[in-house]
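Please find below a short note on charged contacts and surface character, set out as numbered points.

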Amino acid sequence: MTQPIPWLDGPLWPYLALILFAFLPTEIWRWLAVALSRRIDPDSAVLDWVRAVATALLAGVVAKLIIAPPGVLGVAPLWLRVGALGVTLAIILIWRRRIVVAVLAGEAALMGGIWALS
Amino acid sequence: MTVQADWRWQRVALAGMRAALSFPAWMVGFGLVGIGSLARDVGYPVEVAVLSTILVWAGPSQVIFFASIAAGAAWSAIAIAIAFASLRFLPMTVAILPLLRKPGQGLGTQLILAHYVAVTGWAEGLRRLPAIPPVQRVVYFIAFCQTCMTVSAIGTFAGYYLLGALPVALAAGLLCLTPIFFLTSLVAGSRDLRDGLAIALGLAFAPISDRFIGGGFDLIVSGLVGGTIAFVVGHRRVARP
């Protein structure tokens, strides 16, 4: 457990920690984007590139959450986590509009697998 | 029924709320149930868990925050990891703000709009906003995102008290909603070869750079490399068919 910074410790510490170490490091990019977006032409190739980088970054976050799972998700072995993601991917690639079906099928595969293995 | 340019703002807001409640809001809401349980594990009050959903509004940042405290990481390391994981908001926000721009829009409005940018609002916004008349987009987007945020705040609150009591398979399923839904939104929102390639390369490069690039730089590197390759290949295909 990370201990509070001593001279800032007090009943409000959890709130302070949230603002300093989670809110600000996240929000700063949104603020920076507002400052930058006013100088970028909406139809420019730069924006196409920016969108491609954002998409690849998000896909990377997905891969990372599957390789290094948070909390109790670790009870599912790697092959099961990858398999559940594969089921979702296959369905959404075949039926582009079936978001609900794809999510539920992936979830069913994961939870069914954990239940069967335990 | 698509949003019309002559609708009053109340009707536009209702359309945005309905679009969110048709599925996306529940998705994010259930996805953030896990945050409540992670906050409780480190002994932080329920208010901090709910505030993290409203203020941070980024599942991965919240996961890193509470999971790192549990693991005993240094505060500076936690802030740096979150900053790197959130760098994606810079290109995402830059990409969506032009769709929401109106003449005479103030800085305050833009900062509020930017705060709502997270995966769901972004992916659904890029997909839905182009079909909506420009004058109605701001109201629609805020109504959509605020509905998602409200449902998620309730989900985080419920998770704080309930998740530990759930069967392991169900709790794991809730924690896996975030990656499964992120991927579904990305694929459903992809429009061309470039988008598809960016998704595929992002998925493939992240495990590789996770292995070879340390210090929290791995996601940025894989995103920059994968996104740039996708952009160059997609651009060539468009320029010379």
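1. Partly exposed denotes a relative accessible area between the buried class, under 20%, and the exposed class, over 50%. Leu16(A), at 32% relative accessibility, is therefore classed as partly exposed. The model under review is predicted.

2. Leu16(A) belongs to helix α1 of chain A. Together with Ile19(A), Leu20(A), Leu24(A), Ile28(A) and Trp31(A), Leu16(A) makes up a nonpolar surface patch of about 450 Å². Membership of such a patch requires over 30% relative accessible area, and the 32% computed for Leu16(A) satisfies that requirement.

3. Across all chains, the structure holds six salt bridges. Three of the pairs are discussed in the points that follow, among them Glu27(A) with Arg30(A).

4. In the pair Glu27(A) and Arg30(A), the closest N and O atoms are 2.7 Å apart. Both residues lie in helix α1 (residues 13–37) of chain A; because they are three residues apart there, about one helical turn separates them. Is this pair buried or exposed? Glu27(A) has a relative accessible area of 3% and is buried, and Arg30(A), at 0% relative accessibility, is buried as well. Both values fall under the 20% limit for that class.

5. A second salt bridge joins the side chains of Arg194(B) and Asp48(A), with an N to O distance of 3.7 Å. This pair crosses between chains: Arg194(B) is in helix α12 (residues 193–212) of chain B, and Asp48(A) is in helix α2 (residues 45–67) of chain A. The distance lies within the 4 Å cut-off, so the contact counts as a salt bridge. Arg194(B) is buried, at 10% relative accessibility, whereas Asp48(A) is partly exposed, with a relative accessible area of 26%.

6. Which residues are linked with Arg194(B) in a network of salt bridges? The network links Arg194(B) with Asp48(A) and Asp192(B). The contact between Arg194(B) and Asp48(A) described above should thus be read as part of this network.

7. Within chain B, Arg127(B) and Glu124(B) form a salt bridge whose closest N and O atoms are 3.1 Å apart. The two residues are three residues apart in helix α9 (residues 119–128) of chain B, about one turn of the helix. Glu124(B) is buried, with a relative accessible area of 5%, while Arg127(B) is partly exposed, at 29%. The 29% lies between the limits of 20% and 50%, and Arg127(B) is therefore placed in the intermediate class.

Conventions
Residues numbered from 1 in each chain as written. Chains lettered and ligands numbered in written order. Predicted model: local features only at pLDDT ≥ 70, side-chain atom pairs only at ≥ 80, totals over all residues. Heavy atoms only, no water. Helix = DSSP H or I, 4+ residues; strand = E, 2+ residues; numbered from the N terminus. Buried < 20%, exposed > 50% of the residue type's maximum accessible area, 1.4 Å probe, protein only. Patch = residues over 30% accessible without salt bridge, like charges linked within 9 Å, V, L, I, M, F, W, Y side chains within 5 Å. Areas by Shrake-Rupley, 256 points an atom, 1.4 Å probe, with all protein chains shown as cover.
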